[in-house]
Amino acid sequence: NKWSRSAKDKLVLHTLYRCKPLPSLSPFGLKLETYLRMAKIPYEASLYLYIAVSAIETKDLMGPHGKMPWVTYNGVNIADSQLIIEFLNKEFGVSINASNISKEQLAAARACRIVMEDHFLFGIMQYRVVDNINSLHKLMKIPTILKPLLPIQLRQTKQKMVGQGIGAHSPEDIYQMTEADLHTASAMLGSKRFFSGDEPCDDDCGIFGLVAQAVWGMPGSSFERLCDGELLNLKEYCERIKEGYWPDWEDCLDKME
């Protein structure tokens with residue numbers, strides 16, 4: 001892998017190319033980049049086009065485990081956003097978890113992150129890829145030469161959803177189940193600033209990565225309507241993280257025509 005020869009002590013984040021409504025349409029890419037900002041770890045972003053990454057799976061694109069995002073640090077390629085965070089916490093001797101956060105608070109935040117990452121994610125996939133793949137060009141740049149790959153992406157997404165089990169249900173049932181995930185997250189957040197209290201924890205990065213997709217990355221969806229309405233605390237939560245850790249948010253958007 002060519003990235004194994006990158007400069008010493010330089011962290012390279014391999015993630016999706018910037019898009020129109022938010023810095024990344026990858027919940028896990030947004031999660032990891034938000035973590036790096038919270039932990040104040042310098043990094044260089046190496047950006048990849050979504051369709052090319054999804055349809056052409058090579059190690060130079062998808063990393064050691066065929067997963068995006070991934071990082072390179074001191075010649076080592078590490079995959080999986082959560083394992084990367086745990087690796088970097090040890091490697092850099094950092095923790096964004098405040099010392100006064102209880103085990104119970106951390107456990108609740110972790111449980112919420114896992115619900116969002118392992119279940120709500122499929123609501124995003126249903127809306128963005130299965131139901132609206134022909135509208136993806138409104139959110140991100142898709143070169144004409146890559147548009148024939150869209151059916152491959154649609155087929156792969158359906159296969160993943162069937163393999164997980166949720167794909168056996170109707171779209172209406174999938175939306176009902178994943179809207180319930182947003183209600184759960186909203187109830188767990190309540191009036192707190194972050195899921196662990198007044199200060200963010202590691203798991204806030206993952207929750208933000210998913211909820212931000214509902215707030216900014218799925219225009220016209222029931223998820224967006226929920227965050228603009230009865231689950232407004234989730235939108236306010238995302239705004240707090242955006243304002244606190246993404247002062248260059250606008251500069252990280254693709255100003256495509």
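Start by displaying the C-alpha atoms: the centres of domain 1 and domain 2, taken over these atoms, are separated by 18 Å. The model on screen is predicted. To colour the two parts, select 11–92 for domain 1 and 103–247 for domain 2, following the domain assignment of the protein chain.

**The interface**

Next, select the residues where the domains meet. On one side are 29 residues of domain 1, in contact with 35 residues of domain 2. The size of an interface is often given as the accessible area lost when the parts come together. Between domain 1 and domain 2, the buried area is about 2,700 Å², and carbon and sulfur atoms give 72% of that area.

Now look for charged partners. How many salt bridges does the rule find across the interface of domain 1 and domain 2? The rule finds one. Select Lys 31 and Glu 117 and show their side chains: these residues form a salt bridge, with the closest N and O atoms 2.8 Å apart. Polar contacts can be shown as well; between domain 1 and domain 2 they link eight residue pairs, with both residues at pLDDT 80 or more.

Stay with domain 1 and select three helices, α1 (27–38), α2 (50–55) and α4 (81–92). Each of these supplies at least two residues of the side that touches domain 2. Helix α1 gives the largest share of that side, nine residues. Colour the side of domain 1 that touches domain 2 by residue type, and it divides into 18 nonpolar, six polar and five charged residues.

**A salt bridge at helix α1**

Select Arg 18 and Glu 33. They form a salt bridge in which the closest N and O atoms are 2.9 Å apart. This pair links distant parts of the chain, 15 residues apart: Arg 18 is in the loop between β1 (11–16) and α1, while Glu 33 is in helix α1. By the salt-bridge rule, the count comes to eight.

**An annotated stretch**

Last, select residues 179–241. UniProt lists this range in an unreviewed entry as "domain: Metaxin glutathione S-transferase". Over residues 179–241 the chain is 68% helix and 0% strand. Mark the C-alpha atoms at the two ends of this range: they are 22 Å apart.

Methods. Residues are numbered from 1 along each chain as its sequence is written. This is a predicted model: local features need pLDDT of at least 70, side-chain atom pairs count only at pLDDT 80 or more; totals for chains, interfaces and linings use all residues. Side-chain values use heavy atoms; hydrogens and water are left out. Domain bounds come from an automatic or database domain assignment. Contact means heavy atoms within 4.5 Å. Buried area is the accessible area (1.4 Å probe) that two parts lose on being put together, summed over both. A salt bridge is a side-chain nitrogen of Lys or Arg within 4 Å of a carboxyl oxygen of Asp or Glu. A polar contact is a pair of N or O atoms within 3.5 Å; within protein, one must be able to donate a hydrogen and the other to accept it, and residues adjacent in sequence count only if both atoms are side-chain atoms. Helices (H or I, at least four residues) and strands (E, at least two) are DSSP runs, numbered from the N terminus. Ala, Val, Leu, Ile, Met, Phe, Trp, Tyr, Cys and Pro count as nonpolar, Asp, Glu, Lys and Arg as charged, and the others, Gly among them, as polar. UniProt positions are given in the numbering used here, feature names are shortened, and annotations may be inferred rather than shown by experiment.
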